Amino acid sequence: MPDLTLKLGEASPGTRSDVTAGTPMTVASDMSTKVLVEGQSPDKRARSNWKSATANLKQKRWVARVRARSILAEDDLPEEAIEDLAALRMAYWKKNQSEHEGKRIDDSLEAMSAIWGSAKSWTVVGEVPGPNKFGIARERPLLERDLKHWPADSISGKDLLQTVGVGAMVIKGKKGATDFTLGQDNLSVSRLDNGWEVYCIMDGHGPDGHWPSQRGVNAMPFYLQQAECSALLAAGKVEQALHVAFEQTQRSMEHHGWEEKIKLFISGTTASVVLRHPDKSSVWVATTGDSRVVMLAPGAGVMQLTQDHTPLVQVELDRVQSSGCELECQTHDDGCVERRIFLKGKKYPGIAMTRSLGDLCVKGSGVTAIPEVVEWPFQTGTGAMILVASDGVWEFLKTEDVGRIVLRELGRNSTPKETLAKLFETAKARWAEEEDNYCDDISAVLVPLDMPGLPAVPVPPRDAGMCLAGVCRAGCTLS
């Protein structure tokens with residue numbers, strides 16, 4: 001008997017290809033096709049071919065997704081490229097050290113956490129798991145991170161944000177069935193001494209991507225709290241203050257990255273930062289990368305959104321190509337186009353965005369840490385909200401769909417945290433549909449613009465007894 005088994009990637013009578021001939025997505029369109037396999041009916045065999053082809057395609061897309069999201073690991077580079085990168089790193093560090101020597105303030109993580117609570121300030125940040133007894137930091141897939149509140153010994157970060165009406169969540173993704181690497185998203189919510197509020201989302205990438213996102217969400221509000229930025233904010237120069245904070249955060253990463261032996265030349269992070277003051281009818285939004293920010297309101301839907309900084313934006317592509325980088329594109333079997341930015345003539349870094357923090361090897365070649373800053377006015381009393389989210393939310397959900405989900409849940413009297421939980425469930429389901437065992441890290445902050453300013457705490461420690469009635473704008477009972 002001739003072999004009539006359909007092979008993946010092979011077109012035959014009664015079949016069609018959903019992509020092009022010769023690709024893995026060849027499926028049976030005529031369920032009566034005579035496919036003769038012992039012990040299996042034609043219908044069953046056709047369904048089996050469909051499932052196998054679909055699984056094969058999803059696996060290829062998953063591999064492409066991992067490649068597209070991950071900057072090339074240094075160990076995977078040819079020996080000459082590793083040596084070239086090491087020389088570039090040393091030259092960069094020597095130049096930086098001489099330029100900034102004697103100009104630094106103490107911005108260790110300990111120092112940055114110690115400033116909070118000295119007057120009317122506080123911060124809540126995503127808590128990155130520390131090393132276990134074997135000295136290895138691990139994080140379970142699809143785990144929601146704890147939120148740490150500074151000053152320490154106060155209520156938990158989740159409890160505090162719940163009481164003030166701000167939603168904030170960060171969830172480790174899943175890059176395979178046995179993925180226990182650290183998640184690379186992080187967030188912070190902060191109240192400065194002067195009443196300004198800072199909301200940050202950062203999405204790391206590269207071999208050490210968890211590090212720049214962690215340092216970034218701590219450093220950004222820290223620098224906005226310092227004298228230079230405080231003076232600019234007091235003078236109404238909000239955009240300038242944001243530019244200074246981004247520049248100082250980048251320098252902080254450069255300095256500590258060298259000290260801590262972080263692979264910051266091929267690791268970095270997006271940064272999306274929202275500044276709000278309760279006495280002003282505008283918010284200011286600063287972004288590098290593709291962690292999108294939107295403003296939405298009931299009856300209006302999405303009213304404002306930020307521009308992703310990718311090679312798809314011509315002005316962004318023109319800048320990096322004229323500054324020493326080149327674009328490489330690869331089209332995969334499913335039609336997905338992978339776009340990566342490399343230094344001209346080099347095999348690194350393979351970054352997918354045109355602005356970022358970190359990524360030192362392309363910082364002089366057009367992939368800038370300078371943010372795009374916009375001011376968005378709004379009307380109070382309209383129920384307007386700000387949503388800041390990493391691309392774990394946006395990858396398979398359209399902006400308008402995200403807006404509908406958020407507004408629908410809030411219309412059902414869900415809290416901002418409950419609303420984000422529903423949004424995350426939807427996003428994770430879409431990842432499962434599209435990518436099987438791959439789900440990106442997901443993080444978001446949801447801020448109601450009609451709420452009063454964030455309260456001036458610290459709150460007394462739990463064992464001292466505490467009342468949050470003024471924070472919650474509701475009554476309380478102490479036990």
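This passage describes a helix, a set of paired strands and the residue Q321 in a predicted model. Local features need pLDDT of at least 70 and side-chain atom pairs count only at pLDDT 80 or more, whereas totals for chains, interfaces and linings use all residues. Residues are numbered from 1 along each chain as its sequence is written, and side-chain values use heavy atoms, with hydrogens and water left out.

A convenient place to begin is helix α6, which spans residues 227–234. Helices (H or I, at least four residues) and strands (E, at least two) are DSSP runs, numbered from the N terminus. In α6, the residues C229, L232 and L233 are buried; here buried means under 20% relative accessible area, exposed over 50%, and partly exposed in between, with a 1.4 Å probe and protein chains only. These three residues lie on the same side of α6, because they cover an arc of only 100° around the axis, the arc being that of the directions from the helix axis to the C-beta atoms. The exposed residues A227 and A234 sit on the face of α6 turned away from its buried side. Among the elements covering the buried residues of α6 are α5 (210–225), α7 (238–259) and β10 (271–276). After α6 comes G236, with a positive phi near 80°.

Attention now turns to the strands. Strand β15 (residues 337–343) is largely enclosed by the rest of the structure, because five of its seven residues are buried. Two strands count as paired if DSSP finds at least two bridges between them. Strand β14 (residues 325–331) pairs with β15 in the antiparallel sense over seven bridges, and L327 stands opposite I341 in β15. Five residues lie between the strands of the β14 and β15 hairpin, where G335 takes a positive phi near 90°.

On to the next partner: β15 and strand β16 (residues 349–351) run antiparallel and are joined by two bridges. In this pairing, F342 stands opposite P349 in β16. The hairpin formed by β15 and β16 also has its turn, with five residues between the strands and a positive phi of about 80° at G345.

Finally, Q321 belongs to helix α8 (residues 314–322). Q321 is partly exposed, with a relative accessible area of 32%. Leaving aside residues up to four places away in sequence, Q321 touches L327 and K344, contact meaning heavy atoms within 4.5 Å. Q321 and F342 are 21 residues apart in sequence, and their C-alpha atoms are 9.6 Å apart in space.
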